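Here is a friendly walk through one model, written for someone who likes to check geometry against coordinates. Have the viewer open as you read.

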Amino acid sequence: MTLIIDQFPCRSDNFGVLIHDTESGLTAAIDAPEFDPIKHRLAERGWKLDQILVTHHHLDHVEGILPLKQAYGCTVIGPAGEADKIPGLDRTVKEGDVLSFGAYEIRVLDTPGHTLGHISYYIPAAKAAFVADTLFSLGCGRVIEGTMPMMWGSLEKLLALPDDTTVYVGHEYTQANARFALTIDPSNPDLVARSGEVDALRAGNKSTLPTTIGLEKRTNPFLRVDSPAVRERLGMPAASAADVFGEIRTRKDNF
Ligand code: ZN
Ligand code: FE
């Protein structure tokens, strides 16, 4: 069996993602940032949209839901915790729920913090996770509705996925994130190398994503709260992981 995962730009810095199971012919969109680019990509591929898997209620992730539903009659699945804020939902899901998608299992993870009901989708057999605005490459989502410890708990859940998990995130923020990351973890050679690579990709107008759990573990300062170098730089040698995370997130908010 083969799962094709197709990521493409939407809006100014969002991504659309389509997943397609070649065996069953099923196609799903992860979030619905914008109708037109998703429709065009479906037409190019010759796929029909069966499902939309929504991660959270922000407009840049849900604006395309109703027009897509009207065009394709697809089923819309999204977080139970935000059911009242997401248009067109047919089914709600939460941590521990498993969706079947052809022969694939899609596991639902609660990843609150950016919003209170934010969920991520994980497909173990495809080694792929769709985390929207929880984790970015070299960064993470703003903690808008939740608390710092809550967001840290969500990131820990993603950290527990295998290193070779491919991570599809909501936004192309990597280059700006790299500039901030270098202020927190400047002597990390993996980060310095990734930052150069990101500059080259962006100079060629190419995407820096998807990423992997392993790469983010080595380079993303928000995940490197246990690094002695990071802790020393922040002057927090003995603080809890959640507090170190909170300090880095607060610095980024003010960067
Ligand atoms: Zn968002
Ligand atoms: Fe977003």
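In this predicted model, the site of the iron ion (ligand 2) is irregular, with angles of 84 to 170° among its four donor atoms. The protein supplies those donors through Asp 60 (OD), His 61 (NE2), Asp 133 (OD) and His 171 (NE2), at 2.1 to 2.3 Å from the iron ion. Along the chain, the iron donors follow the spacing D-H-x71-D-x37-H. For reference, ideal angles at a metal are 109.5 degrees for four tetrahedral donors.

The iron ion has a neighbour: the zinc ion (ligand 1) is 3.1 Å away, and Asp 133 coordinates both metals. Around the zinc ion, the protein donors are His 56 (NE2), His 58 (ND1), His 114 (NE2) and Asp 133 (OD), lying 2.2 to 2.3 Å from the metal. What do the angles make of the arrangement around the zinc ion? The four donor atoms subtend 83 to 172° there, so the arrangement is irregular. The zinc donors are spaced as H-x1-H-x55-H-x18-D along the chain. His 58 sits in the loop between strand S4 (51–53) and helix H2 (59–62), while Asp 133 sits in the loop between strand S10 (128–132) and strand S11 (135–136), so this pair ties together parts that are 75 residues apart in sequence.

Are the metal ligands buried or exposed? Take Asp 133 to begin with. Asp 133 has a relative accessible area of 3% and is therefore buried, given that buried means under 20%. His 61, an iron donor, counts as buried at 2% relative accessibility. Asp 60 is buried with a relative accessible area of 18%, and His 58, on the zinc side, counts as buried at 18% as well. For anyone setting up a metal-site calculation, the two sites are set side by side here.

| Metal | Protein donors | Donor distances | Donor angles |
|---|---|---|---|
| Zinc ion (ligand 1) | His 56 (NE2), His 58 (ND1), His 114 (NE2), Asp 133 (OD) | 2.2 to 2.3 Å | 83 to 172° |
| Iron ion (ligand 2) | Asp 60 (OD), His 61 (NE2), Asp 133 (OD), His 171 (NE2) | 2.1 to 2.3 Å | 84 to 170° |

Now to the helices. Helix H5 (residues 174–184) packs against helix H6 (residues 189–203) at an angle of about 150°, and their axes are 9 Å apart. Because angles over 145 degrees count as roughly antiparallel, H5 is roughly antiparallel to H6. The crossing of these two helices, H5 and H6, is left-handed.

H5 also meets helix H9 (residues 241–253): the two axes come within 11 Å and cross at roughly 130°. That angle makes H5 oblique to H9. Here the crossing is right-handed.

The loop between H7 and H8 is worth a stop too. Pro 221 is found in this loop, and with 0% relative accessibility Pro 221 counts as buried. Which residue lies 40 residues from Pro 221 in sequence but 5.9 Å from it in space? The partner is Ala 181, with the distance taken from C-alpha to C-alpha. Ser 227 belongs to the loop between helix H7 (213–219) and helix H8 (228–234). Ser 227 counts as buried, at 10% relative accessibility, and its side chain reaches the backbone nitrogen of Val 230 at 3.1 Å.

Finally, some backbone geometry to look at. Most residues other than glycine have a negative phi, and most peptide bonds are trans. Leu 209 and Pro 210 are joined by a cis peptide bond, with omega about 5°. Pro 210 is placed in the loop between H6 and strand S14 (211–212). Asn 205 is found in the loop between H6 and S14; although not a glycine, Asn 205 has a positive phi of about 55°. At 66% relative accessibility, Asn 205 counts as exposed.

Arg 11 also has a positive phi, near 50°, in a residue other than glycine. Arg 11 lies in the loop between strand S1 (3–10) and strand S2 (14–21). With a relative accessible area of 34%, Arg 11 is partly exposed.

Methods
Residues are numbered from 1 along each chain as its sequence is written. Chains are lettered from A and ligands numbered from 1 in the order in which they are written. This is a predicted model: local features need pLDDT of at least 70, side-chain atom pairs count only at pLDDT 80 or more; totals for chains, interfaces and linings use all residues. Side-chain values use heavy atoms; hydrogens and water are left out. Donors are N, O and S atoms within 2.8 Å of the metal (3.2 Å for Na, K and Ca); water is not among the atoms, so sites may look incomplete. Four donors count as tetrahedral if all angles lie between 85 and 135 degrees; four count as square planar and six as octahedral if opposite donors are over 155 degrees apart and all others between 65 and 115; anything else is irregular. Helices (H or I, at least four residues) and strands (E, at least two) are DSSP runs, numbered from the N terminus. Buried means under 20% relative accessible area, exposed over 50%, partly exposed in between (1.4 Å probe, protein chains only). A polar contact is a pair of N or O atoms within 3.5 Å; within protein, one must be able to donate a hydrogen and the other to accept it, and residues adjacent in sequence count only if both atoms are side-chain atoms. Axes are lines fitted to C-alpha atoms, for helices over the stretch in contact, and angles run from 0 to 180 degrees between N-to-C directions. Angles under 35 degrees count as roughly parallel, over 145 as roughly antiparallel, 65 to 115 as roughly perpendicular and the rest as oblique. A crossing is left-handed if the near helix is turned anticlockwise from the far one by less than a right angle, and right-handed if clockwise.
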